[in-house]
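Subject: Structure handover, with notes on the ligand site and pockets

Hello,

Here is the structure you were due to receive. My notes follow below it.

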Amino acid sequence: MQIRQSLETEKEQLRKLHLETFGEEEGDSVSTLTLQLLDDPTAQPLLSLIAKQNNQILGHILFTKVSIEGNHAQGGFILAPLAVSQECQRSGIGKKLIQTGLDKLKEQGAEFVLVLGDPAYYSLSGFHTKHQIKPPYELSYPEAWMAQELKPGFLANISGTVRCADALNEREYW
Ligand SMILES: CC(C)(COP(=O)(O)OP(=O)(O)OC[C@H]1O[C@@H](n2cnc3c(N)ncnc32)[C@H](O)[C@@H]1OP(=O)(O)O)[C@@H](O)C(=O)NCCC(=O)NCCS
C-alpha cells in the first residue's frame with residue numbers, strides 16, 4: 001500500500017470514498033466539505049493524503065490550516081475529514097494515514113494539530129483535551145475537541161478561539 005499526496009484528478013474518487021464511508025446520514029455533507037476544502041484558498045496550506053493499493057483509494061485524510069484569534073501562531077492545522085473504506089477498516093490504514101500526516105506536518109514546521117472526533121480513536125494517535133484552544137462554536141461533546149503539539153511545549157503557551165478555513169467554519173460541522 002502506498003501513502004501519498006492526492007492528485008487534482010483524484011477528486012471524484014475522494015468524493016465517492018467519503019460519500020460511501022460516512023453513509024446516508026453524513027456522506028453528503030462530508031463529501032461536499034472535502035471538495036470545498038480542497039478548493040478553498042483559506043484552507044491553504046493543506047495536506048491531503050491517500051492510501052492507495054491496486055489503483056484503488058482505500059483511505060483519505062485531510063489537514064487544513066487554522067489560526068488562533070489574537071495569536072501569531074502560524075503553524076496550526078485541523079484534521080478533517082478522515083475516511084477508510086468499509087472493507088478495509090480495522091487494518092491499521094487510518095492510524096498510518098494519521099501518523100504519516102503528522103510526520104509530514106512536523107517536517108514542514110507545523111506546531112499543533114486539532115481534531116474533533118471520537119476520543120477513543122484519536123487518543124490512540126496522541127490527541128488529548130489538555131489544551132486551551134476554543135472551538136468556533138459550542139460543542140455538544142466537548143471531550144471530542146482534541147489537540148496535539150508537534151513542537152514540544154507549544155500547547156502550554158497558546159490559548160484563544162480557533163479560526164478554520166471558510167468551508168469548515170459552518171455551524172453544521174460542529
Ligand atoms: C474511524 C476510521 C477512520 C478508523 O480507520 P481504521 O483504518 O479502521 O482504523 P485503524 O485500523 O487504523 O485503527 C487504529 C486503532 O484504532 C482502533 N479503532 C478503530 N476504529 C475505532 C473506533 N471507531 N473506536 C475506537 N477505536 C477504534 C483499532 O482497534 C486500532 O487499535 P490498535 O492500534 O490498538 O490496534 C474508519 O473506521 C472510518 O473511516 N470510519 C467512518 C468514517 C469516520 O467515522 N471517520 C472519522 C471521523 S472523526
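A pocket, as the word is used here, is an open set of points on a 1 Å grid over the protein atoms alone, where a 1.4 Å probe fits, with protein on both sides within 12 Å along at least five of seven lines. Its volume is the space filled by probe spheres set on those points. Please keep in mind that this is a predicted model.

The largest pocket

By that definition, the largest pocket has a volume of about 1,300 Å³. Its lining is made up of 38 residues, and F22, L82, G117, D118 and Y122 are the ones nearest its centre. Sorted by class, the lining has 24 nonpolar, nine polar and five charged residues.

Which elements supply at least two residues each to this lining? They are α1, β4, α2, β5 (112–116) and α3. Strand β4 provides the largest share, with seven residues.

The ligand

The ligand sits in the largest pocket. It is surrounded by 16 residues, the closest being V84, R90, G92, G94 and K95. Of the residues in this shell, eight are nonpolar, five polar and three charged. Helix α1 (11–38), strand β4 (76–84), helix α2 (93–107) and helix α3 (119–122) each contribute at least two residues to the shell.

Three of the polar contacts to the ligand involve the protein backbone, and they can be listed by residue:

- V84: a backbone N or O atom lies 2.8 Å from an oxygen atom of the ligand.
- G92: a polar backbone atom is 2.7 Å from a ligand oxygen atom.
- G94: a polar backbone atom is 2.8 Å from a ligand oxygen atom.

As for cover, the ligand on its own has 900 Å² of accessible area, and the protein covers 68% of that.

The second largest pocket

The second largest pocket has a volume of about 220 Å³. Its lining consists of Q13, K16, L17, E20, T21, Q56, I57, S85, Q86 and E87. Two elements, α1 and β3 (56–68), give two or more residues to this lining. Helix α1 gives the most, with five residues. By class, the lining has two nonpolar, five polar and three charged residues.

Backbone points

Most residues other than glycine have a negative phi, and most peptide bonds are trans. Some places in the model depart from this, and you may want to look at them in the viewer.

- Q44 and P45 are joined by a cis peptide bond, with omega about 0°. P45 is in the loop between α1 and β2 (47–53).
- A80 and P81 are also linked by a cis peptide bond, with omega near -5°. P81 is part of strand β4, the strand that gives the largest share of the lining of the largest pocket.
- N54 is not a glycine, yet has a positive phi of about 50°. N54 belongs to the loop between β2 and β3.

In short

If you open only one region, take the largest pocket, where the ligand sits. The backbone atoms of V84, G92 and G94 are a practical place to start there. After that, the cis peptide bond from A80 to P81 can be found by following strand β4, where P81 lies.

Regards

Definitions and conventions. Residues numbered from 1 in each chain as written. Predicted model: local features only at pLDDT ≥ 70, side-chain atom pairs only at ≥ 80, totals over all residues. Heavy atoms only, no water. Near = heavy atom within 4 Å. Polar contact = N/O pair within 3.5 Å; in protein donor to acceptor, adjacent residues only side chain to side chain. Areas by Shrake-Rupley, 256 points an atom, 1.4 Å probe, with all protein chains shown as cover. 1 Å grid on protein atoms, 1.4 Å probe; cavity = no way out; pocket = protein on both sides within 12 Å on 5 of 7 lines; lining within 4 Å. Sits in = over half its atoms within 2 Å of the grid points. Helix = DSSP H or I, 4+ residues; strand = E, 2+ residues; numbered from the N terminus. Nonpolar A, V, L, I, M, F, W, Y, C, P; charged D, E, K, R; others polar.
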